[in-house]
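Colleague: Could you take one part of this protein and walk me through it closely? I'd like to know what sits against what, in plain bench language.

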Amino acid sequence: MTDDRTPPTAQGDEPEIVLDVQDAVRHYPLRRRSLREPRRSVHAVDGVSVRLRSGRTLGIVGESGCGKSTLGRLITGLETPTSGAVRVGANGTPAAAASGRGTVQAVFQDPASALDPRMMVRQSVAEALGGVGRDERDRRVDEAIAAVGLTPDFGSRYPHELSGGQQQRVCIARAIVGEPDLILLDEAVSSLDASLQAQILDLLERLQRDTGTAYVFISHDLRAVRQVSHSVAVMYLGQVVEQAPAEAFDRGLLHPYAVALRSTEPRILDDGVEPVERVVLRGEPPSAVAPPAGCRFAPRCPIVEDHCRRVAPDLVEATPGHLVRCHRPGDLTLSGVARADAGTPAEV
Ligand SMILES: Nc1ncnc2c1ncn2[C@@H]1O[C@H](COP(=O)(O)OP(=O)(O)OP(=O)(O)O)[C@@H](O)[C@H]1O
C-alpha cells in the first residue's frame with residue numbers, strides 16, 4: 001500500500017458523503033436492584049460526530065471499552081442512538097432504516113462464526129445479495145468470489161473446508177457483492193497472521209480503488225489502521241478525543257492520550273524516523289457509568305492542570321481536517337515525534 005492515500009478526485013469535486021454521524025449518543029441503562037437506586041447507564045458512545053466520503057477510510061482506535069464497537073453497531077443500524085443521528089448512503093438514510101437493505105455491510109473479527117456452516121460459499125455470497133434475477137446473481141457472485149482472490153472451485157466448498165484467511169475472504173465477498181456504499185470492518189484482520197493481514201489489507205485497498213466503497217476500519221492494531229486509513233479517530237470513554245489525517249498520525253498528534261496510545265507502537269516509525277519514547281499512562285480508564293467531570297482524560301493525563309478537571313474541552317479544529325479535544329493540545333511531545341506539521345491534511 002502506498003502512503004499517499006489522497007483520493008483521486010479533483011478539488012471542488014468532492015465525493016459524496018456516505019456516512020454522517022451527528023452527536024451520536026448510545027447509553028445502556030443498568031438494571032436497578034431496587035426502585036430507590038438511582039437510574040444509571042453506561043455511556044458507551046457519548047457525542048460522536050464524524051463524516052465520511054465515498055472512496056475513503058476512517059480508522060477508529062482506542063483501548064478496550066472506549067465504545068468502538070458500539071459506534072460500529074450504530075453505523076450498521078444494528079442499534080439505534082439514544083440521541084443524535086446516524087445517516088448512511090448517498091441519500092442520507094437513517095442507519096436503522098437502511099439496515100438489511102445493503103447500503104452498509106459489515107465484516108467482523110471471527111469469520112467462522114459469521115458464516116453458516118451448512119451453506120456452500122456460493123450460497124453464502126448469494127444470500128447476501130438479496131433479490132436479483134438468477135443470471136445476474138450468478139454473475140455477481142462469480143465476480144465477488146474472484147474479486148477476493150478465490151478460484152471458482154471455492155464456490156462449492158463449505159466453511160470448515162477453508163482456512164481462516166479464506167473464510168475472511170468469503171466474508172468480504174459477502175460484504176462487497178451488493179456494492180454497498182459503506183463497509184464496516186470491526187477487527188476484521190485481527191485474528192489473521194501478519195502475512196494474511198497484509199494480503200487482506202491490500203485486497204481491501206484494491207477493492208476500494210475499483211468500487212469507491214468507503215470503509216470504517218475499527219481496530220486495536222494501530223499499524224493496520226494507519227496503513228489503510230485516510231483519517232484516524234482516537235476514542236476515549238465514548239468520545240472522539242482526536243481525529244487526524246493519517247500523515248499526522250505518524251508525527252503530529254496533539255492529544256496526550258493519542259500520543260500515549262501512539263507511543264505503544266514505535267515500530268510504525270521504522271521508516272528512518274527516530275524511535276519514540278513510550279508514554280506509560282497511570283491508572284485504568286475511569287468507569288463509563290460515571291465519566292469524570294471536566295476532561296474525561298484528566299485523571300490519567302501526564303500534563304493535567306486544575307482547569308482540566310473542571311471544564312470539559314470541546315472538540316476543535318486545530319488545522320483543516322485535524323480535530324482535538326484538549327485544553328493543552330500539542331503540549332505532550334515525545335522524542336522523535338515532532339510537533340504538528342500542518343502540511344496538507346486529508347479530509348475523510
Ligand atoms: N449491550 C450492552 N449493555 C451494557 N453495556 C454495554 C453493552 N455493549 C457495550 N457495553 C459497554 O459499553 C462500553 C463500550 O463497549 P464497546 O464494546 O463499544 O467497546 P470497544 O471499544 O469496542 O471495546 P473492545 O475493543 O474491547 O471490543 C463498555 O463499557 C461496555 O461494557
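Modeller: Let's start with isoleucine 75, keeping in mind that this is a predicted model. Leaving aside residues up to four places away in sequence, Ile75 touches Leu19, Val86, Val88, Ala95, Val104, Leu184 and Val216. One of those partners, Val216, comes up again in the core: the largest nonpolar core has 89 residues, and Ile75, Val216 and Val234 are the ones that touch the most other members. Helix α6, residues 164-176, supplies the largest share of that core, with 6 residues. As a rule, in soluble globular proteins nonpolar side chains tend to be buried together.

Helix α6 is a handy way into the part I'd look at closely, which is helix α4. The two helices, α4 (residues 121-129) and α6, have axes that come within 7 Å and cross at roughly 30°. That angle is under 35 degrees, so α4 and α6 count as roughly parallel to each other. The crossing of α4 past α6 is right-handed. On the α4 side you'll find Val121, Ser124, Val125 and Ala128, and they meet Val170, Ala173 and Arg174 of α6. Sorted by class, that contact has 5 nonpolar residues, 1 polar and 1 charged.

Now for the other neighbour of α4, helix α5. Here the axes come within 10 Å and cross at roughly 115°, which makes α4 roughly perpendicular to α5. This crossing is right-handed too. From α4 the contact uses Val121, Arg122, Val125, Ala126 and Leu129, and from α5 it uses Arg137, Arg140, Val141, Ala144 and Ile145. The tally by class is 7 nonpolar and 3 charged residues, with no polar ones.

Which residues of α4 are buried? They are Val121, Arg122, Ser124, Val125 and Ala126. What they pack against is α5 (134-147) and α6, the two helices we've just been through. Just after α4, glycine 130 takes a positive phi of about 75°.

If you want a single residue to click on, try alanine 126, which is found in helix α4. Alanine 126 counts as buried because it has 21 C-beta neighbours inside 10 Å, and the cut-off is 20 or more. Again not counting residues up to four places away in sequence, alanine 126 touches Arg137 and Val141. Looking towards α6 instead, the C-alpha atoms of alanine 126 and alanine 173 are separated by 9.6 Å, although the two residues are 47 residues apart along the chain.

For another buried helix, have a look at α10, residues 256-263: 8 of its 8 residues are buried. Those are Pro256, Tyr257, Ala258, Val259, Ala260, Leu261, Arg262 and Ser263. The elements covering them include two helix and strand stretches you can pick out by number, α8 (222-228) and β9 (231-236), along with β3 (57-61) and β10 (239-245).

Stepping back to the whole protein, there are 11 helices and 12 strands. Across its 348 residues, 43% count as buried. And if you take the contacts with a separation of 6 or more, 66% of them join residues 24 or more positions apart.

Technical notes
Residues numbered from 1 in each chain as written. Predicted model: local features only at pLDDT ≥ 70, side-chain atom pairs only at ≥ 80, totals over all residues. Core = buried A, V, L, I, M, F, W, Y, C linked by C-beta atoms within 7 Å. Buried ≥ 20, exposed ≤ 12 C-beta atoms within 10 Å, placed from the backbone. Helix = DSSP H or I, 4+ residues; strand = E, 2+ residues; numbered from the N terminus. Contact = placed C-beta atoms within 7 Å. Axes fitted to C-alpha atoms, helices over the stretch in contact; angles between N-to-C directions. Parallel < 35°, antiparallel > 145°, perpendicular 65-115°, else oblique. Left-handed = near helix turned anticlockwise from the far one by under 90°. Nonpolar A, V, L, I, M, F, W, Y, C, P; charged D, E, K, R; others polar.
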